[in-house]
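Reader: I should like to understand how the terms used for this structure are justified. Could we go through them together?

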Amino acid sequence: MKKKSFEAVKKLYIRTTNCLLTVILTAIFGFFWMTELNEMMTRDFLGTGNYLILTLYFIMTILFFRAFNAYKIGVLKSGSIVLSQILALICINVIALLQIVLMVGRVAKVSGIFLQILRVLGCEIVLCILLTFLLNKIYYWLFPPYHMIEIYGNYKNQLHSKIGSRGDKYIIGERVHISEPLEDIEERLLGYDAVLLNDIPAKMKNKLLKFCFENSIRVYFTPKISDILVKGTDEVDLFDSPLFLCKNIGLTFGERSIKRCMDIVISVLLLIISSPVFLIISLFIKIYDRGPVFFLQERCTKGGEVFVMCKFRSMIENAEEDGKSRPATDNDSRITPVGKIIRATRLDELPQLFNILKGDMSFIGPRPERVEHVEKYSKQIPEFSYRMKVKAGLTGYAQVYGKYNTSAYDKLKMDLMYIVNYSIVMDLKILLMTIKVIFMKESTEGFGNNQKEEMNVRSVEEFVGNECGTVNRE
């Protein structure tokens with residue numbers, strides 16, 4: 001099968017499975033609506049009314065499944081997709097529950113409605129688990145992994161091993177250093193389905209991109225800082241020459257205003273709802289070692305401004321008594337039993353709601369770095385300060401798509417992707433995806449025993465020469 005036909009069939013399969021899932025889930029709700037829920041109404045819905053209810057449920061399913069990345073058949077692992085689907089279905093059915101309760105308008109009927117919605121949710125979850133595992137299995141049977149060749153430069157990263165961990169999607173058959181003759185590299189590319197350009201100089205990347213475009217070869221490449229900055233460009237159609245505009249202003253006044261209003265409203269609501277949790281965690285921390293409940297630390301936010309960030313204390317007192325930064329490792333002896341629980345569930349972050357309400361932070365944005373880290377990374381990567389064009393956040397793009405031990409340079413790239421592509425919709429999606437991240441163990445993974453921060457910093461130092469040597473030539 002030709003490459004174009006192969007990709008077209010793959011897209012058709014994915015779209016068909018997405019449509020199938022949405023229709024079946026709506027049909028399950030529709031069955032319970034027609035047989036149970038509609039009968040609880042003062043007057044039964046007829047004809048158009050029923051279609052309207054089902055249409056709203058159909059639309060909610062699409063919106064929440066997209067927000068939680070629950071349509072990723074053939075992209076994510078089955079377990080991750082199912083987790084996304086479960087969280088999306090909970091949100092959908094909570095809204096449906098509130099909607100139906102308001103329509104029925106009888107307190108006596110609430111327990112019955114709740115029971116029926118639980119039955120809907122249970123049936124949907126079982127069906128999603130069965131369908132997702134089946135559809136994913138069929139996908140990988142129909143569409144074998146891409147056979148790739150990796151062209152790599154001098155900067156050493158972990159991308160090769162990360163891609164190798166997804167043997168169901170990618171198989172790297174050969175690795176070639178960029179120092180080899182260009183003609184030899186191009187000849188080798190023709191024997192593979194795809195190519196990975198892993199941190200190679202911009203001049204060579206441009207040549208290989210054009211060659212791959214000419215020969216219809218799929219390309220994956222690691223972006224430079226400049227590649228990310230141009231993602232937020234606008235097209236200028238005033239002249240007969242293509243022209244792009246990079247505004248480079250961060251968020252507009254309107255975006256900042258809406259974002260601040262959202263921060264105030266959500267933080268106040270969460271502080272009220274979570275007040276019992278605050279009390280329980282505070283008691284457990286105090287009972288364990290009689291030490292302080294809160295951990296205060298200076299962090300940097302927008303424009304490099306320093307503020308005092310507040311968290312629940314999860315480590316022993318004076319965990320950094322000598323004042324030197326030591327990131328948490330797997331099975332770190334400094335973490336208390338209470339700390340292990342609140343770190344795993346991210347509950348140690350709750351007191352930052354006060355920072356958000358005060359205006360030091362936002363809900364969504366780059367995580368606030370320690371002052372000494374900002375100074376250190378800024379010397380090694382001058383672009384590190386770019387992430388402070390917006391307020392620091394409780395969660396963000398790098399927290400949703402990265403891990404605790406993701407390198408500083410990769411987190412910088414993710415933060416910049418957020419800044420240059422900012423939208424209110426993106427904020428809402430990250431907020432929802434954060435719920436999923438809480439349930440994913442690998443997202444809270446600490447530095448291993450042989451992966452201390454010093455290793456992280458060294459990898460950045462190795463990169464600096466490569467990046468600085470190529471940016472000026474782009």
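Author: Certainly. The model is a predicted one. By class, the residues lining the largest cavity comprise 5 nonpolar, 1 polar and 3 charged.

Reader: Which residues line the largest cavity?

Author: The lining consists of Lys-259, Met-262, Asp-263, Ile-266, Ser-362, Phe-363, Ile-364, Asp-427 and Leu-431. Lys and Asp count as charged, whereas Met, Ile, Phe and Leu count as nonpolar.

Reader: What makes a space a cavity, and how many cavities of 30 Å³ or more are there?

Author: A cavity is a set of points where a 1.4 Å probe fits but cannot get out. By this rule there are 5 cavities of 30 Å³ or more. The largest cavity holds about 60 Å³ of space.

Reader: Which elements each supply at least two residues of the lining of the largest cavity?

Author: These are α9 (253-273), β9 (362-364) and α16 (424-438). The most is given by α9, with 4 residues.

Reader: Why is Ile-264 called partly exposed?

Author: Ile-264 is located in helix α9. Buried means under 20% relative accessible area and exposed means over 50%, with partly exposed in between. Ile-264 has 35% relative accessibility, and therefore counts as partly exposed.

Reader: What makes up the nonpolar patch on the surface?

Author: The patch is formed by Ile-264, Val-265, Val-268, Leu-269, Leu-270, Ile-272, Ile-273 and Leu-357, which together have about 680 Å² of accessible area. A patch residue needs over 30% relative accessible area, and Ile-264 stands at 35%. Helix α9 gives the most to this patch, with 7 residues.

Notes:
Residues are numbered from 1 along each chain as its sequence is written. This is a predicted model: local features need pLDDT of at least 70, side-chain atom pairs count only at pLDDT 80 or more; totals for chains, interfaces and linings use all residues. Side-chain values use heavy atoms; hydrogens and water are left out. On a 1 Å grid over the protein atoms alone, a cavity is a set of points where a 1.4 Å probe fits but cannot get out, and a pocket is an open set with protein on both sides within 12 Å along at least five of seven lines; lining residues have an atom within 4 Å of a point. Grid points are joined across faces, edges and corners, and a volume is the space filled by probe spheres set on the points. Patches are made of residues with over 30% relative accessible area and no salt bridge: like charges are joined within 9 Å, nonpolar side chains (Val, Leu, Ile, Met, Phe, Trp, Tyr) within 5 Å. Accessible areas come from the Shrake-Rupley method with a 1.4 Å probe; for residues, only the protein chains shown count as cover. A salt bridge is a side-chain nitrogen of Lys or Arg within 4 Å of a carboxyl oxygen of Asp or Glu. Buried means under 20% relative accessible area, exposed over 50%, partly exposed in between (1.4 Å probe, protein chains only).
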